[in-house]
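Colleague: Could you walk me through this one? I'd like to hear the reasoning behind the labels.

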Amino acid sequence: MNPEMTAELKRYTTPLDLGALKTACANCNLREICLPAGLTPHEVDQLDELVYVRKKVKRGDTLYRAGAKFDALYAVRSGFFKTRVTMPDGRDQVTGFSMAGEILGMDGISQDKHNCDAIALEDGEICTIPYSHLERLSIEVPSLQRHFHKVMSREIVRENGVMMLLGTMRADERLAAFLLNLSQRLNARGYSALEFHLRMTREEIGSYLGMKLETVSRLFSKFQANGLIAVDQKYVHLRNIEGLREIYAHHTR
C-alpha cells in the first residue's frame, strides 16, 4: 500500500486497531449482493487491499448528515438504515430504507457533499470504503468498475420506482408494493419472504410512501381484515402474497 493511501487510511482507523477492524470480502457472506459481487478470487484479494473498515453503529446513530463532506461509501453489513431530507418548511421526508448488502453514501458523489441524512434504525455494522481508494482500484480492476456502475444503476432504478409509487399508485397499491419489495430484498439475503419485523415506524413508512400516518394504519388494518397479512406491532406475516401482488398489479392495467 502506498504512503498516500496509508495516510488517508489513518483517518478511518485511528485510534482503533486496524487488524481487528479489517474485513475480508472473500469471507463475507454478503459478497454476492454487495460491492464485490461477480469478482474473481484474485480481484477480491485486491479489493481487500482497500481495507474495508468495519464500524458498529447503534440505533439512532447518524452515519452522515446533509451538507457533510463526501469521502466514503458505506456497505451495510448488518442492520437497517433510513435516509431522509429536511424540507424547507422543516418537515423530514424519508427517501429510502437500506439493509445488509446495500451501499449508502452515493448521494454525495456528484457534489462532494451529502444531500441527505443516513440514520440507523437498529444496531448494526457498516464497512467504510474510502472513495478515492475505490476510484483507484476501479482503474486496475475493470470488473469492479462495471459492478459499481451496476450498483449505481440499481439505485437510480429504485428511485424511479419510488417516483412511480408516489405519482401513479393508489394508497393501497403503494403499501402492497412496499411490503412486496421488502419481502423480496429480505429473501435475497436468506431471510423469510413471508415473516419479518419492520424496523421502521408506521410514520416513517408513510413519509416514504407519501401518505399520512392515519392512512398507513388504516391500510394495515384493512389488509389484515382481508386476510392478506397478519400484524402484531412490528411483526408482519404475509398470509396471501398473491393477493398483495394482485393489488400491486392493478396499477398496470
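**Two loops and a helix pair**

Modeller: Let's start with Gln233, which sits in the loop between strand E11 (229–232) and strand E12 (235–238). Keep in mind that this is a predicted model.

Colleague: Why is Gln233 called exposed?

Modeller: The cut-off for exposed is over 50% relative accessible area. Gln233 has 68%, so it counts as exposed. Its phi is positive too, about 60°, although Gln233 is not a glycine.

Colleague: And what makes Asp112 exposed?

Modeller: Again, exposed means over 50%, and Asp112 is at 51% relative accessibility, so the label applies. Asp112 lies in the loop between strand E7 (103–104) and strand E8 (117–120). Phi of Asp112 is near 60°, a positive value in a residue other than glycine.

Colleague: On to the helices. Why is H6 called oblique to H9?

Modeller: The axes of H6 (residues 171–188) and H9 (residues 241–249) come within 8 Å and cross at roughly 130°. Roughly perpendicular covers 65 to 115 degrees and roughly antiparallel starts over 145, so an angle between those ranges is oblique. That makes H6 oblique to H9. The crossing is left-handed.

Colleague: Which residues of H6 and H9 meet there?

Modeller: From H6, Asp172, Glu173, Ala176, Ala177, Leu180 and Ser183; from H9, Ile241, Leu244, Arg245, Ile247 and Tyr248. By class, that contact has seven nonpolar, one polar and three charged residues.

Colleague: How much of the chain counts as buried?

Modeller: Of its 253 residues, 48% do, with under 20% relative accessible area as the cut-off.

Conventions:
Residues numbered from 1 in each chain as written. Predicted model: local features only at pLDDT ≥ 70, side-chain atom pairs only at ≥ 80, totals over all residues. Heavy atoms only, no water. Buried < 20%, exposed > 50% of the residue type's maximum accessible area, 1.4 Å probe, protein only. Axes fitted to C-alpha atoms, helices over the stretch in contact; angles between N-to-C directions. Helix = DSSP H or I, 4+ residues; strand = E, 2+ residues; numbered from the N terminus. Parallel < 35°, antiparallel > 145°, perpendicular 65-115°, else oblique. Left-handed = near helix turned anticlockwise from the far one by under 90°. Contact = heavy atoms within 4.5 Å. Nonpolar A, V, L, I, M, F, W, Y, C, P; charged D, E, K, R; others polar.
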